[in-house]
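Trainee: I should like to understand how the terms used for a protein model are justified. May we go through them one by one?

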Amino acid sequence: MTAGKGPRLPVFVYGTLRPGGRYHASCLHGRTAAEEPARLPDAVLYEGPGYPYAVEEEGGAVLGDLVTLRPAEYDEVLALLDRLEGCTPGAPDNLYDRGARDVLRADGSAVRAWVYFAAGRIARGLRATGTPVPGGEWNAVRADRG
C-alpha cells in the first residue's frame, strides 16, 4: 500500500508516534485534525529494538491513539509515515506492513484506520521468541526505562 492510494483513513499509532513519543513532534505535531485514545483489538504488542511491533493475534489488545490527519497534508504525512515505518509495497525487507483494521474509540465505537503491523517475517519471529509488552501499552515500557 502506498500513500495516496486507497481510502483516507485515520492512523492508529501505538509507539514512538504517540504524543510524547520520539517521532510525534517531527512527523505529526501540527499536521493532525484530531488525536484520541483508542484500542486495537486482536493484536499483541511486542518489544522491538527501541520501538514496538503490533502483531495480529486473537484475544490481545494494543493501546494507542487514533490520529486524524489534516486533509491538506494527508498524502504527504502518510508517505512520511510509510518511510519512517520501513513500509514499501512488495519489498521483502519491510519492517512493517500497513493495513486497514477496525480500532475502538474510548466510547467503544469502531472506526476503520490504518495500522502498521510487523511485517510477516518479523511477526513470525516475535510470535516464536518475542517479548510481549504487558497490557499492550508502549508508554508504560518507555516510562519504565526513562
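The conversation below takes up salt bridges, exposure, the nonpolar core and the largest pocket.

Mentor: Please keep in mind that this is a predicted model.

Trainee: Why is the pair Arg 8 and Asp 75 called a salt bridge?

Mentor: The closest N and O atoms of Arg 8 and Asp 75 are 3.1 Å apart. A salt bridge requires a side-chain nitrogen of Lys or Arg within 4 Å of a carboxyl oxygen of Asp or Glu, so the pair qualifies. Arg 8 lies in the segment before β1 and Asp 75 in helix α2, so the contact ties together parts that are 67 residues apart in sequence.

Trainee: What makes Arg 8 count as partly exposed?

Mentor: Its relative accessibility is 49%. Buried means under 20% and exposed means over 50%, so a value in between is called partly exposed. Asp 75, at 35%, falls in the partly exposed class as well.

Trainee: Are Asp 65 and Arg 18 buried or exposed?

Mentor: Both Asp 65 and Arg 18 are buried. They form a salt bridge whose closest N and O atoms are 2.6 Å apart. Asp 65 belongs to strand β3 and Arg 18 to the loop between β1 and α1, so parts 47 residues apart in sequence are tied together. Arg 18 and Asp 65 are also linked with Glu 137 in a network of salt bridges.

Trainee: How do you know that Arg 105 and Glu 36 form a salt bridge?

Mentor: Their closest N and O atoms are 3.2 Å apart, and the cut-off is 4 Å, so the rule is met. Arg 105 is in strand β4 and Glu 36 in strand β2, so this pair ties together parts that are 69 residues apart in sequence. Arg 105 is partly exposed at 29% relative accessibility, and Glu 36 is partly exposed at 23%. By this rule the count comes to nine salt bridges.

Trainee: Which residues touch the most other members of the largest nonpolar core?

Mentor: They are Phe 12, Tyr 14 and Leu 28, in a core of 42 residues. Elements that give two or more residues to this core include β1, β2, β3 and α2. Tyr 14 touches residues including Leu 45, Val 62, Tyr 96 and Trp 138.

Trainee: What lines the largest pocket, by class?

Mentor: The lining has eleven nonpolar, two polar and two charged residues. About 220 Å³ of space lies in this pocket. Among the residues closest to its centre are Thr 16, Glu 85 and Tyr 96.

Terms used
Residues are numbered from 1 along each chain as its sequence is written. This is a predicted model: local features need pLDDT of at least 70, side-chain atom pairs count only at pLDDT 80 or more; totals for chains, interfaces and linings use all residues. Side-chain values use heavy atoms; hydrogens and water are left out. A nonpolar core is a set of buried Ala, Val, Leu, Ile, Met, Phe, Trp, Tyr and Cys residues joined through side-chain atoms within 4.5 Å. Buried means under 20% relative accessible area, exposed over 50%, partly exposed in between (1.4 Å probe, protein chains only). Helices (H or I, at least four residues) and strands (E, at least two) are DSSP runs, numbered from the N terminus. Contact means heavy atoms within 4.5 Å. On a 1 Å grid over the protein atoms alone, a cavity is a set of points where a 1.4 Å probe fits but cannot get out, and a pocket is an open set with protein on both sides within 12 Å along at least five of seven lines; lining residues have an atom within 4 Å of a point. Grid points are joined across faces, edges and corners, and a volume is the space filled by probe spheres set on the points. Ala, Val, Leu, Ile, Met, Phe, Trp, Tyr, Cys and Pro count as nonpolar, Asp, Glu, Lys and Arg as charged, and the others, Gly among them, as polar. Lists of a residue's contacts leave out its neighbours within four places in sequence.
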